[in-house]
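Let's take a walk through this structure together. Have a look at it first, and then we'll go from the outside in.

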Amino acid sequence: MPHATASWLVDSTALTFEQIAEFCGLHILEVQAMADDLAGAKYTGRDPVHSGELTQLEIERGQANPEYRLKMQRAPLSINRTKGPRYTPVSKRQDKPDGIAWILRHHPEISDAQIGKLIGTTRNTIAAIRDRSHWNISNINPKDPVTLGLCSQRELDSLVAKAAKRSGVEEEDHSDSRLGSDRDALIEELRAERQAQGRVAAEAAQEAEAAAWLAQRRAEGRSDS
């Protein structure tokens, strides 16, 4: 319940957005939206002091020093999710199509199965939005699912990173091999340049030595005469 906890901290304390976001594991923009009443009204505040996750003394320390990072006193009770679609409050279900459309537009590398798990929807709905056969397609406007409250920024970033890594494996391998061949070619070119410079230096030294010998011989001939 990080959003409910963040909503309470925004309304009841003077902690900075950064402190609240880090403690609750949210993106700072989510906390900013709550402070601007863009999202806070959607959550019922949850008192972390009452639940034992924070103490009033810890909150006061944070309020006195904006650089201070709140320390959780007791981990919140974990709730194991059952298999199946992600649960979304009724008030937010109408926002799902907008969130799906945003992901399809900005992150096409994310699979339908991943979108379904993140947003809590079905593959049929995703396919209908993708091919624009959805019954309400004219009213669907792509919106960031984080700002809609359908997922956290951390969840979205993690999913994007995993999808990008999976889709970019072959390209990375190809670029690495190309980089290796380019590096070898550069090394070979530098080696050839050094060898050429060595030959030029050797020839110059020989010419200088020959000129010096010839000058010495001429000087000796003039002294004999």
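Accessible areas here come from the Shrake-Rupley method with a 1.4 Å probe, and for residues, only the protein chains shown count as cover. By that reckoning the chain exposes about 15100 Å², with carbon and sulfur atoms supplying 53% of it. Keep in mind that you're looking at a predicted model, in which local features need pLDDT of at least 70, side-chain atom pairs count only at pLDDT 80 or more, and totals for chains, interfaces and linings use all residues. Residues are numbered from 1 along each chain as its sequence is written, and side-chain values use heavy atoms, leaving out hydrogens and water.

So how far can you trust the picture? pLDDT is the predictor's confidence in each residue, from 0 to 100. Its mean over the chain is 77, and 74% of the residues reach 70 or more. Over residues 78-83 the pLDDT is below 50, and this stretch has one contact (heavy atoms within 4.5 Å) beyond near neighbours in sequence. Residues 169-179 also stay under 50, and there the model has zero contacts beyond four places in sequence. Where pLDDT is low, the predicted coordinates should not be read in detail.

Now for the overall build. Helices (H or I, at least four residues) and strands (E, at least two) are DSSP runs, numbered from the N terminus. The chain has nine helices and zero strands. Of its 225 residues, 33% are buried; buried means under 20% relative accessible area, exposed over 50%, and partly exposed in between (1.4 Å probe, protein chains only). Among contacts between residues at least 6 apart in sequence, 59% join residues at least 24 apart.

Next, the inside. A nonpolar core is a set of buried Ala, Val, Leu, Ile, Met, Phe, Trp, Tyr and Cys residues joined through side-chain atoms within 4.5 Å. The largest one has 21 residues, and those with the most contacts inside it include Ile-100, Ile-110 and Leu-156. Helices α5 (96-106), α6 (112-120), α7 (123-130) and α8 (153-167) each supply at least two residues of this core, and the largest share, five residues, comes from α5. Apart from it lies another core, of 16 residues, among them Trp-8, Val-10, Phe-23 and Tyr-68. Back in the largest core, which residues does Ile-110 touch, not counting residues up to four places away in sequence? They are Ile-103, Ile-115, Leu-159, Val-160 and Ala-163.

Helix α4 (residues 56-64) is worth a stop too. Its buried residues are Glu-58, Ile-59 and Gly-62. Seen down the axis of α4, they fall within an arc of 100° (taken from the directions from the helix axis to the C-beta atoms), so they line one face of the helix. What covers them includes α1 (2-12) and α2 (17-24).

A few single residues round off the tour. Gln-153 is found in α8 and is buried, with a relative accessible area of 16%. Leaving aside neighbours within four places in sequence, Gln-153 is in contact with His-27, Glu-30 and Val-146. Ala-127, in α7, is partly exposed at 31%. Its C-alpha atom is separated by 8.1 Å from that of Asp-112, 15 residues apart along the chain. As for cysteines, Cys-24 is buried at 11% and Cys-151 is buried at 1%. A search of the whole structure finds zero disulfides (pairs of cysteine sulfur atoms within 2.5 Å).
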